Amino acid sequence: MAFSDRIGSLRADNAAPLYLQLQQLIRDAIAGAVLQQGEAIPPERDLAAEYEVSRITVRKAIGGLVEEGMLTRRRGAGTFVASRVEKSFSKLTSFSEDMAARGRLASSSWVSRSSGPVGPDEAMALGLAPGSTVLRFTRIRYADDVPLALEYSTLASFCLPSVDAVDDSLYAALDKAGHRPVRALQRLRAVPFGGEQARRLGVDTGHAGLLIERHGFLRDGRAVEFTRSYYRGDSYDFVAELTDM
Ligand code: 16G
């Protein structure tokens, strides 16, 4: 079946620019599950021929949807409908592990890393005495190059030799140092993104987000980690399996 038979055609009586119309067709098809998660989008030249528009128009339409996180590009393979990331509630896993388990490529960019005296909220969260030193990490987390979350982590300083001990994964560094948390408390709530979160995640201010706060503990009960993760609500699902046992 031709792509346009599934998602619809451009309309001559529509005054909107062609790339926006094409974008809207694809967006509606994804929302209406006419296009499924992980499904391939036809190559640029095929779409251009089918819709009788220039390849630049197609590129602009697709490029915008990739930026929005609706589509993802995989090098050498093509463009696909992005799948929402599903995250189990019951396992204490790291972002890197969650992405690897889903065949997504995890990466991060650093916003900041520093050490300094603990603040009042952090002291409460980590059970530290005023004046203790903490390590702070702020990162943008990506799945297949789409920004998914902004994370602010504060760690008790005994957990790691220095802030430079973390490369790609915080939990890998904690594991190496023998201080990976084994238990965590998590609190989740819906938040509209403020300016900083929106800008860093490439969405509009007020975009629906999920704030997840994690308090991670060692086996001996000491608190290791206090992380606030701002996830994009349009690409993240939390899944919990409930049993009565
Ligand atoms: C997850 C955790 C976060 C942890 C991070 C470590 C949630 C809500 N948060 O994002 O608390 O610090 O993983 O990931 O799951 P990393 O080892 O890849 O740096």
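**Exercise 1.** Find which residues lie nearest the centre of the largest pocket, then work out where this pocket sits.

*Solution.* Start with the lining: 19 residues line the largest pocket, and G69, M70, A82, R84 and D234 lie nearest its centre. A quick note on the word: on a 1 Å grid over the protein atoms alone, a pocket is an open set of points where a 1.4 Å probe fits, with protein on both sides within 12 Å along at least five of seven lines, and lining residues have an atom within 4 Å of a point. Next, the domains, whose bounds come from an automatic or database domain assignment: domain 1 (3-81) and domain 2 (85-239) both contribute to the lining, so the pocket lies between them.

By the way, this is a predicted model, where local features need pLDDT of at least 70 and side-chain atom pairs count only at 80 or more, while totals for chains, interfaces and linings use all residues. Residues are numbered from 1 along each chain as its sequence is written, and side-chain values use heavy atoms, leaving out hydrogens and water.

**Exercise 2.** Work out which strand gives the largest share of the lining of the second largest pocket.

*Solution.* Look at α4 (55-68), β2 (71-74) and β7, since each supplies at least two lining residues. (Helices are DSSP runs of H or I, at least four residues; strands are runs of E, at least two; both are numbered from the N terminus.) The winner is β2, with four residues.

**Exercise 3.** Trace how β6 connects to β7.

*Solution.* The two run antiparallel, joined by 10 bridges; DSSP must find at least two for strands to pair. They form a hairpin with two residues between them, and D144 in the turn has a positive phi of about 50°. D144 also helps line the second largest pocket.
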